[in-house]
Amino acid sequence: MQAARGTSLSSGSGDHESRPGPDDAPSGGAVRRSRRRVWPVFAVVALAAYLVDLTTKQLALTHLQEADGSRPRVDLVGDLLGLQLAFNPGAAFSLGEDFTVVISCVAIVATVAVLAVSVRLRSPLWAVALGILLAGITGNLTDRLFRDPGPFHGHVVDMVELPNFPIFNVADMCINIAAVLIVVQAFRGVRVDGSRVEEQEQAAERDA
């Protein structure tokens, strides 16, 4: 009986030790599977928003400019919202018009940075945010690299006009939407890899 009890107790102890604890890290395979699920969201959002930006710019060049070169405004909602073709040598919302080359170089660095961060993506909302951000950056960068007057000096095509506000485009909207989503994730305490700030703090306290 004692031997049996000893065996039972030993077996129970072994079972307890074999169970994964709450601090166990996910396996490499689980991490890779998570990345495979989230990264395509980032890629699809980035590509879709980028194509929308390019398409709207081409439509603006085709339909918002007369043969004589004039660019009349098209009212959509009276004086509140309209379409007006404009060419911007600066950053979003016509900022920094005298620094086109610098802005182009910064945009290239930002593109590489977003792609590097995307490798760690595990959060779907972060994937959407970074995808939209990448589309906004590369949409305007494409104009600066390939439109007149030349590479790194190209003027960005803008077309959306609001009262008392610089004319802007879809890429500008993408950058601002991404900024809002990033702030939301920061307030929620959710990191790019899907972990939460409080979880990491608790883990650090347990390890201390």
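**View 1. Three bridges join strand S1 to strand S2.** The two strands run antiparallel. This is a predicted model. S1 covers residues 74-77, and S2 covers residues 81-88. Val74 stands opposite Leu83 of S2. Val77 faces Leu81, also in S2. Three residues lie between the strands of this hairpin. Gly78 takes a positive phi there, near 55°.

**View 2. S1, S2 and S3 form an open sheet of three strands.** The order is S1-S2-S3, and the pairing is antiparallel. S1 and S3 stand at the edges. Each has a single partner strand, so one side of each is left without a neighbour in the sheet. Neighbouring strands are turned by 35° against each other on average, direction ignored.

**View 3. Strand S3 pairs with S2 and is mostly covered.** S3 spans residues 156-161. Five bridges link S2 and S3 in the antiparallel sense. In one pairing, Gly82 has Glu161 of S3 as its bridge partner. Of the six residues in S3, five are buried. Yet S3 is an edge strand, with a single partner in the sheet.

**View 4. Helices H3 and H4 pack against each other.** Two packed helices are described by the angle between their axes and the distance between the axes. H3 comprises residues 100-118, and H4 comprises residues 124-146. Their angle is about 150°. Their axes are 9 Å apart. Angles over 145 degrees count as roughly antiparallel, and H3 and H4 are therefore roughly antiparallel to each other. H3 passes H4 in a left-handed crossing.

**View 5. Side by side, H3 and H4 share a set of contact residues.** H3 contributes Thr100, Ile103, Ser104, Ala107, Ile108, Ala110, Thr111, Val114, Leu115 and Val117. H4 contributes Leu130, Leu133, Leu134, Ile137, Thr138, Leu141 and Arg144. By type, the contact residues divide into 12 nonpolar, four polar and one charged. Thr100, Ser104 and Thr111 of H3 and Thr138 of H4 are in the contact. So is Arg144 of H4.

**View 6. The loop between H4 and S3 holds Pro149 and Phe152.** The peptide bond from Asp148 to Pro149 is cis. Its omega is near 10°. Phe152 is not a glycine, but its phi is positive, near 70°. The relative accessibility of Phe152 is 30%, so Phe152 counts as partly exposed.

**View 7. Asn164 sits in the loop between S3 and helix H5.** H5 covers residues 170-188. Asn164 has a positive phi of about 55°, although it is not a glycine. At 84% relative accessibility, Asn164 counts as exposed.

**View 8. Asn169 belongs to the loop between S3 and H5, and is buried.** Its relative accessible area is 0%. Residues up to four places away in sequence are not counted among its contacts here. Within S3, Asn169 touches Val156, Val157, Asp158 and Met159. Asn169 also touches Asp53, Lys57 and Asn140. Asn169 and Val157 are 12 residues apart along the chain. Their C-alpha atoms are separated by 7.2 Å.

**View 9. Asp53 is a buried residue of helix H2.** H2 runs over residues 28-63. The relative accessible area of Asp53 is 0%. Leaving aside neighbours within four places in sequence, Asp53 is in contact with Gly139, Asn140, Asn169, Val170 and Ala171. Gly139 and Asn140 fall in H4. Val170 and Ala171 fall in H5. Asn169 comes from the loop between S3 and H5. Asn140 also touches Asn169.

Methods
Residues numbered from 1 in each chain as written. Predicted model: local features only at pLDDT ≥ 70, side-chain atom pairs only at ≥ 80, totals over all residues. Heavy atoms only, no water. Axes fitted to C-alpha atoms, helices over the stretch in contact; angles between N-to-C directions. Helix = DSSP H or I, 4+ residues; strand = E, 2+ residues; numbered from the N terminus. Parallel < 35°, antiparallel > 145°, perpendicular 65-115°, else oblique. Left-handed = near helix turned anticlockwise from the far one by under 90°. Contact = heavy atoms within 4.5 Å. Nonpolar A, V, L, I, M, F, W, Y, C, P; charged D, E, K, R; others polar. Buried < 20%, exposed > 50% of the residue type's maximum accessible area, 1.4 Å probe, protein only. Pairing = 2+ DSSP bridges.
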